[in-house]
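Hi everyone, thanks for making time for this. Let me put the structure up, and then I'll walk you through its cores, one of its sheets and its disulfides.

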Amino acid sequence: QLQLVESGGGLVQPGGSLRLSCAASGFTLDNYAIGWFRQAPGKDREGVSCISTRGGRSVYADSVKGRFTISRDDAKNTVYLQMNGLKPEDTAVYYCAADQKRFFELFRCVLSPEAEYDYWGQGTQVTVSS
């Protein structure tokens, strides 16, 4: 069974940090670009960051640039999202998703459209509050 599982969410004070993990089972991530998305209560889901299959190229939403860092460890079949300087507006359920890339797309990733992404995890809650 192909599955993505997020972990690492929780409650953190403003200014704090969390590291989210996205682990794949049933398939290997080395042919997939990986994206992180989030959905806050009452809001549409939005793209946060993505990382390409090769070359480590990354894209960030303006709202998280300079605070979040995406990385991947294909040996562990896992992608990470390091979140520093967290703000209350970062509160959301965070999802990771996998986008299978063809050979000429290996050095790019996109946050839109979400339909590019083939597999989605169930999400992990991040709450930033004092």
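First, a term: when I say contact, I mean heavy atoms within 4.5 Å. What you see is a predicted model, in which local features need pLDDT of at least 70 and side-chain atom pairs count only at pLDDT 80 or more, while totals for chains, interfaces and linings use all residues. Residues are numbered from 1 along each chain as its sequence is written, and side-chain values use heavy atoms, with hydrogens and water left out.

Let's start with Y94. Leaving aside neighbours within four places in sequence, Y94 is in contact with a dozen or so familiar faces to come, among them L20, W36, F68, L81, M83 and V126. Y94 also belongs to the largest nonpolar core, which has 29 residues. By nonpolar core I mean a set of buried Ala, Val, Leu, Ile, Met, Phe, Trp, Tyr and Cys residues joined through side-chain atoms within 4.5 Å. Buried is under 20% relative accessible area, exposed is over 50%, and partly exposed is in between, with a 1.4 Å probe and protein chains only. Those with the most contacts inside this core include L4, W36, F68 and Y94. Strands here are DSSP runs of E, at least two residues long, numbered from the N terminus. Among those that each supply at least two residues of the core are β4 (32–39), β5 (46–51) and β9 (92–100). A second, separate core of seven residues includes A33, C50, C109 and Y117.

Now the sheet. Two strands pair if DSSP finds at least two bridges between them. An open sheet of four strands runs β1-β3-β8-β7, with antiparallel pairing. Which strands stand at the edges? They are β1 (3–7) and β7, each with a single partner strand, so one side of each is left without a neighbour in the sheet. Six bridges join β7 to β8, and F68 has M83 in β8 as its bridge partner.

On to the disulfides, meaning pairs of cysteine sulfur atoms within 2.5 Å. The whole structure has two of them, in the pattern 1-3, 2-4 when bonded cysteines are counted along the chain.

One joins C22 to C96, S to S 2.1 Å. C22 lies in β3 and C96 in β9, so this pair ties together parts that are 74 residues apart in sequence. Both C22 and C96 are buried.

The other joins C50 to C109, also listed at S to S 2.1 Å. Its torsion about the S-S bond is about 80°, so the disulfide is right-handed. C50 lies in β5 and C109 in the loop between β9 and β10 (119–120), so here the parts tied together are 59 residues apart in sequence. C50 is buried at a relative accessible area of 0%, and C109 is buried at 9%.

That's my tour, and I'm happy to go back to any part of it.
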